[in-house]
Amino acid sequence: MQATPQQLINHSPMSPAQIVVTLLGVFLLALDGFDVMAISFAAPGIANEWGIDRAALGVVLSMELMGMSVGSILIGGLADKYGRRTIIFGCLLIMGAGMGLTALASDVTTLSLLRFMTGIGIGGLLPAVTTIVPEFANEKRRAMLVSFAAAGFSLGTIIGGSVVTQLLQDYSWRSIFVFGALSTLAAIPLVYFLLPESIAFLAQSGRADALQRVNQVLGKLRLPSVEALPESPEKVGGMSWLSLFKGKHLLATVCFSLCYLGHMVTFYFIVKWTPKIVVDMGYSPAEAGGVLIWSSIGGFTGAMLFGTLSRWVNSKNLTLAMLVFSILAVVAFGSAGTDLTLLSLISFLAGVTIASAIAGFYTLMADAFSTEVRASGTGFVIGVGRLGAVVSPIVAGILFAGGSGLPSVAFLMACGSVLAIVAITVLARRQRQQAAVAAKF
């Protein structure tokens, strides 16, 4: 019996073309990370130029996150219908245009609308990339390569943040978005020439030329062609994300959504408020950006660490451990005082643990959702989770404006990851029960 295309990928060594897909995934998520962080680097300059308070700034910081929520749910679902590669193209165009126009904004309303627009592109790109990378990875390396791709988010803030720190010494906050726009648009030719469409998507797409296109991609991967495609129980069409609320996908959808939502509350408190918090301690915007860069270095390190450890440690257990450590790190950040070195160290540790847990989420979701709803499932979870990212800077801003100190605000925001721990634990227990029942038959 001939092996299916997915079986060929699962059990064959990684080819150069598959490694290139992972590297492209790292680069694309690096762009994603920089675009998300750009407004954080620009926040002190915006506040000074336009004279807005912390509560109003919290709303501005949340606008792209609202767009990301919309983009993840709607565009993520389209990736299951029209293909991962097509959606990646479209999202890069939206992101590049949004970043470029943001540099021209002259008031808070325009800036907020443009950040919402950019967020739609960012939101759609993330599930498309985190879906296509595991679909090109073999079974042995899948968890590791998904984690490495996820590390791209932090890598984008490290490299971009270093560039931005230099830009802010000579130019205004607008230069950040010019740099982001040019970097994002430069990715389009790379995707066009180096990123093939997912074989998993093509095999179940129901297209007349599906077999021919699958064999073309298999050739690029140095794998043998197949004579026929396996029958797919579900064909792509309509709104495939509706399948997330049926049968085996329902519990995974609910639990992962709650998990991502809770952890994003904790994550985006660090991401969005660190520069402003450090500037208010009396440091310069460049020094404040340096603290955030250390968080990003930690994030890159954490995602790489998760990918390495996942070869020997169960992904679920590793994710839970990192969630616990992330709670402790954020609480410690709130009590660190004003010493810049200590703030940078704790920011690094927070980045390590928070990003490791997020890499774990992507790995667990890739296994939980089947091919026909994988991008939809990932996109829906990320989209719902972004509600936590939207709420996080607003709630923190309101708490600060109401007189709460940094230690109490940090403690409250760290509690979001507690919800993630509960959700993963419930899902894992249910999966064990289902496996036990299946074993009896």
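Ala, Val, Leu, Ile, Met, Phe, Trp, Tyr, Cys and Pro count as nonpolar, Asp, Glu, Lys and Arg as charged, and the others, Gly among them, as polar. With that sorting in hand, the pockets of this predicted model can be looked at one by one.

The second largest pocket makes a handy start. By class, its lining holds ten nonpolar, two polar and five charged residues. That lining is made up of 17 residues, and R85, L195, P196, E197 and K220 are the ones that sit nearest the centre of the pocket. Two or more lining residues come from each of α2 (16-50), α4 (84-102), α7 (174-194) and α9 (210-220). Helix α9 chips in the most, with four residues. As for room inside, the second largest pocket has a volume of about 310 Å³.

Now for the largest pocket, where the volume comes to about 410 Å³. Its lining counts 21 residues, and Q6, A200, A203, T371 and R374 are the closest to the pocket's centre. Sorted by class, the lining of the largest pocket has eight nonpolar residues, seven polar ones and six charged ones. At least two lining residues each are supplied by α1 (5-11), α5 (108-136), α8 (199-203) and α13. The largest share belongs to α1, which brings four residues to this lining.

Helix α13 turns up again with T353, a residue that lies within its span of residues 340-368. Is T353 buried or exposed? T353 is buried, because its relative accessible area is 9% and buried means under 20%. The side chain of T353 also reaches back to the backbone in two places: the backbone oxygen of L349 is 3.1 Å away, and the backbone oxygen of A350 is 3.2 Å away. Leaving aside residues up to four places away in sequence, T353 touches M322, F325, S326 and A329.

R222 gives a contrasting case. This residue belongs to the loop between α9 and α10 (249-280), and α9 is the helix that gives the most to the lining of the second largest pocket. R222 is exposed, because its relative accessible area is 67% and exposed means over 50%. What is there to notice about the phi of R222? The angle is near 65 degrees, which is a positive value in a residue other than glycine.

Definitions and conventions. Residues are numbered from 1 along each chain as its sequence is written. This is a predicted model: local features need pLDDT of at least 70, side-chain atom pairs count only at pLDDT 80 or more; totals for chains, interfaces and linings use all residues. Side-chain values use heavy atoms; hydrogens and water are left out. Buried means under 20% relative accessible area, exposed over 50%, partly exposed in between (1.4 Å probe, protein chains only). A polar contact is a pair of N or O atoms within 3.5 Å; within protein, one must be able to donate a hydrogen and the other to accept it, and residues adjacent in sequence count only if both atoms are side-chain atoms. Contact means heavy atoms within 4.5 Å. On a 1 Å grid over the protein atoms alone, a cavity is a set of points where a 1.4 Å probe fits but cannot get out, and a pocket is an open set with protein on both sides within 12 Å along at least five of seven lines; lining residues have an atom within 4 Å of a point. Grid points are joined across faces, edges and corners, and a volume is the space filled by probe spheres set on the points.
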